[in-house]
Amino acid sequence: MAPLAHVGRALPPREPCFDARLRPYATPAQDGAKRVGGFFAPRTRPGLFLRNQFYRMLTSKPLERVFEKLVTHAANAFELPEYGGAFATPQGQ
């Protein structure tokens, strides 16, 4: 299917094995996102100030490795299968 070929129509059905593979990762990630929404988009000026101070602290030299570890762990919590096609890694690399 060409990119965006489904616009205006129902999306193609998901692959059950893909859904089963990602569900253990996606469900806790979505639950976590619900809890931190107020942090990422504070409603008050003091909340915005605190968020900015916290990020400034996390990205400082003493804590940058801690922040990197948090982000990397979340990003690498699952492994995607090899799909083939245009973005496939050539064999032997």
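Helices, at least four residues long, and strands, at least two, are DSSP runs that are numbered from the N terminus. Read along its sequence in those terms, this chain follows the pattern α-α-α, and its secondary structure accordingly comes to three helices and zero strands. The model is a predicted one, and a reader new to it may wish to begin with the confidence of the prediction. The mean pLDDT of the chain is 77, with 72% of the residues reaching 70 or more. Among the elements of the chain, helix H2 has the highest mean pLDDT, at 91, while helix H1 has the lowest, at 79.

**Surface and burial**

Of the 93 residues in the chain, buried residues make up 4%. The accessible surface of the chain comes to about 8500 Å², and carbon and sulfur atoms account for 62% of that surface. On this surface, Val-66, Leu-70 and Val-71 make a nonpolar patch of about 260 Å². One of these residues, Val-71, is found in helix H3, which covers residues 64-75, and with a relative accessibility of 45% Val-71 counts as partly exposed, because the partly exposed class lies between the buried limit of under 20% and the exposed limit of over 50%.

**A buried arginine**

Which residue is buried yet has no salt bridge? That residue is Arg-51, and the nearest side chain of opposite charge, belonging to Glu-64, is 19 Å away. Since a salt bridge requires a side-chain nitrogen of Lys or Arg within 4 Å of a carboxyl oxygen of Asp or Glu, the 19 Å that lie between Arg-51 and Glu-64 do not meet that cut-off. Arg-51 is found in helix H2, which covers residues 45-58. When its neighbours within four places in sequence are left aside, Arg-51 is in contact with Phe-39, Phe-40 and Pro-42.

**Salt bridges**

How many salt bridges does a search of the whole structure find? The search finds two, and they are set out below with their N to O distances.

| Salt bridge | Distance, N to O |
|---|---|
| Lys-34 and Asp-31 | 3.8 Å |
| Glu-64 and Lys-61 | 3.2 Å |

Lys-34 and Asp-31 both lie in helix H1, which covers residues 16-40, and they are three residues apart, about one turn of the helix. Lys-34 is exposed, with a relative accessible area of 67%, whereas Asp-31 is partly exposed, with a relative accessible area of 33%. In the other pair, Lys-61 counts as exposed at 66% relative accessibility, and Glu-64 counts as partly exposed at 34%.

**Around the start of helix H3**

Glu-64 has its place in helix H3, and it is also the residue named above as carrying the nearest side chain of opposite charge to Arg-51. Apart from its neighbours within four places in sequence, Glu-64 is in contact with Leu-58 and Thr-59. Leu-63, by comparison, has its place in the loop between H2 and H3, and with a relative accessible area of 28% Leu-63 is partly exposed. With the neighbours within four places in sequence again left aside, Leu-63 is in contact with Met-57 and Leu-58. Leu-58 is thus named among the contacts of Glu-64 and among those of Leu-63.

Note on methods:
Residues numbered from 1 in each chain as written. Predicted model: local features only at pLDDT ≥ 70, side-chain atom pairs only at ≥ 80, totals over all residues. Heavy atoms only, no water. Buried < 20%, exposed > 50% of the residue type's maximum accessible area, 1.4 Å probe, protein only. Lys, Arg positive; Asp, Glu negative; His and termini not counted. Contact = heavy atoms within 4.5 Å. Patch = residues over 30% accessible without salt bridge, like charges linked within 9 Å, V, L, I, M, F, W, Y side chains within 5 Å. Areas by Shrake-Rupley, 256 points an atom, 1.4 Å probe, with all protein chains shown as cover. pLDDT = per-residue confidence, 0-100.
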